[in-house]
Amino acid sequence: MAYENILVETNGKVGVVTLNRPKALNALSAGLIKDLGAALDTFEANPDIHVIVLTGSEKAFAAGADIKEMAGFSYMDAYLADFITVGWERVTSCRKPVIAAVAGFALGGGCEMAMMCDFIIAADNAKFGQPEINLGTMPGAGGTQRLTRFVGKSKAMDMCLTGRMMDAEEAHKCGLVSRVFPLDDLKDEAMKIAETIADKSLPISMMVKESVNAAYETTLTQGVKFERRLFHSTFATDDQKEGMAAFVEKRQPNFSDR
């Protein structure tokens, strides 16, 4: 399939989506969101793809939503179209692991898009922020919600009320970012991480993702019970048998994703 706003490639079991609107610093237009959703659908349907990497350019992961598209919206335009909800949440519904590899600006919708992924790795030039308040509006793609869960109330209030940017070092220290790499190494390191995950059992990786995500939605008691039931279910898989047999036999496992 031909895409106008993204680049798509596969490397073994890893699917890579690169946001590609360089003149607009990868601003998240309706066309880009549509292309991204289609690419994710394709990777999700492909049993050979185990992990997805979402990235941008060296200058910008995504500098935000496309302001030119939304500037003229009325309340009813936004409400009736369910603006942002439609298409944007596709990243969150991916069952396969999705890694955000962020260089440059990840602002507004770009920061929110990165936070929709399962975890974020960043280049040392990355800048994160929710500057919507400078435009007379506020985050609308989960910025006040996901950012607060990542970094806590005080830091999220600071970011959303002042509109300031957070650099990669600060983002790493407060838990927004998992790892930081030199800019020149980011894509290679992203692939190494993705390949490490891709070599595991796909259904088990999906279960791990489902269980970790449940931690945000449930109480501790309910979450542990949910985790326990998924753990029990792994004993119905061929990969659990293979993984434990390989450990006992002191060899590498050969997972069948069953």
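# Calls and cut-offs

Author: K192 and E189 sit 3 residues apart in helix α9, so about one helical turn separates them. This is a predicted model.

Reader: What makes K192 and E189 a salt bridge?
Author: Their closest N and O atoms are 3.6 Å apart. The cut-off is within 4 Å, between a side-chain nitrogen of Lys or Arg and a carboxyl oxygen of Asp or Glu. The value of 3.6 Å meets that limit, so the pair counts as a salt bridge.

Reader: Is K192 buried, partly exposed or exposed, and how do you know?
Author: Its relative accessibility is 48%. Exposed needs over 50%, and buried needs under 20%. K192 falls in between, so it counts as partly exposed.

Reader: Which residues do shared partners join into one network?
Author: K155, D158, R164 and E170. Salt bridges that share partners link them.

Reader: What makes D158 and R164 a salt bridge?
Author: Their side chains meet at 3.0 Å, N to O. That is within the 4 Å limit, so the pair qualifies.

Reader: Why are both partners called partly exposed?
Author: D158 has 28% relative accessibility. R164 has 26%. Buried would need under 20% and exposed over 50%, so neither label applies. D158 therefore counts as partly exposed, and so does R164.

Reader: How many salt bridges does the structure hold?
Author: It holds 12. One of them joins R21 and D66, with the closest N and O atoms 3.0 Å apart. That pair links distant parts of the chain. R21 is in the loop between β2 (14-19) and α1 (30-45), and D66 is in the loop between β4 (60-62) and α2 (67-70). They are 45 residues apart.

Reader: Why can such side chains pair at all?
Author: Opposite charges on side chains can pair when the charged atoms come close.

Reader: Is D66 buried or exposed, and how do you know?
Author: D66 has 11% relative accessibility. Buried means under 20%, so D66 counts as buried.

Reader: Which residues make the patch of negative charge on the surface?
Author: E58, D124, D184, D185 and D188 gather there. Asp and Glu count as negative, so each of these five adds to the patch.

Reader: What makes D184 exposed?
Author: Its relative accessibility is 67%. The cut-off is over 50%, so D184 counts as exposed. D184 lies in the loop between β10 (179-181) and α9 (186-198).

Reader: Which residues make the nonpolar surface patch?
Author: Y75, M76, Y79 and L80. The patch covers about 520 Å². Its member M76 is found in helix α3 (residues 75-80).

Reader: What lets M76 join a patch?
Author: M76 has 41% relative accessibility. Patch members need over 30%, so M76 passes on that count. It still falls short of the over 50% needed for exposed, so it counts as partly exposed.

Reader: Why is S29 called buried?
Author: Its relative accessible area is 5%. That is under 20%, so the label fits. S29 is in the loop between β2 and α1.

Reader: What does the side chain of S29 reach?
Author: The backbone nitrogen of L32, at 3.2 Å. Polar contacts need N or O atoms within 3.5 Å, so this distance fits the limit.

Reader: What is unusual to note about the phi of D82 and I84?
Author: D82 has a positive phi of about 50° although it is not a glycine. I84 is not a glycine either, and its phi is positive at about 80°. D82 is in the loop between α3 and α4 (85-88), and I84 lies in that loop too.

Reader: Why do D82 and I84 get their accessibility labels?
Author: D82 has a relative accessible area of 38%. That lies between 20% and 50%, so D82 is partly exposed. I84 has 15%. That is under 20%, so I84 is buried.

Reader: What makes L54 buried?
Author: L54 has 2% relative accessibility. The cut-off is under 20%, so L54 counts as buried. L54 is in strand β3 (residues 51-55). L54 and V102 are 48 residues apart in sequence and 8.4 Å apart in space, C-alpha to C-alpha.

Technical notes:
Residues are numbered from 1 along each chain as its sequence is written. This is a predicted model: local features need pLDDT of at least 70, side-chain atom pairs count only at pLDDT 80 or more; totals for chains, interfaces and linings use all residues. Side-chain values use heavy atoms; hydrogens and water are left out. Patches are made of residues with over 30% relative accessible area and no salt bridge: like charges are joined within 9 Å, nonpolar side chains (Val, Leu, Ile, Met, Phe, Trp, Tyr) within 5 Å. Accessible areas come from the Shrake-Rupley method with a 1.4 Å probe; for residues, only the protein chains shown count as cover. The place of a charge is taken as NZ of Lys, CZ of Arg, CG of Asp or CD of Glu. Helices (H or I, at least four residues) and strands (E, at least two) are DSSP runs, numbered from the N terminus. Buried means under 20% relative accessible area, exposed over 50%, partly exposed in between (1.4 Å probe, protein chains only). A polar contact is a pair of N or O atoms within 3.5 Å; within protein, one must be able to donate a hydrogen and the other to accept it, and residues adjacent in sequence count only if both atoms are side-chain atoms.
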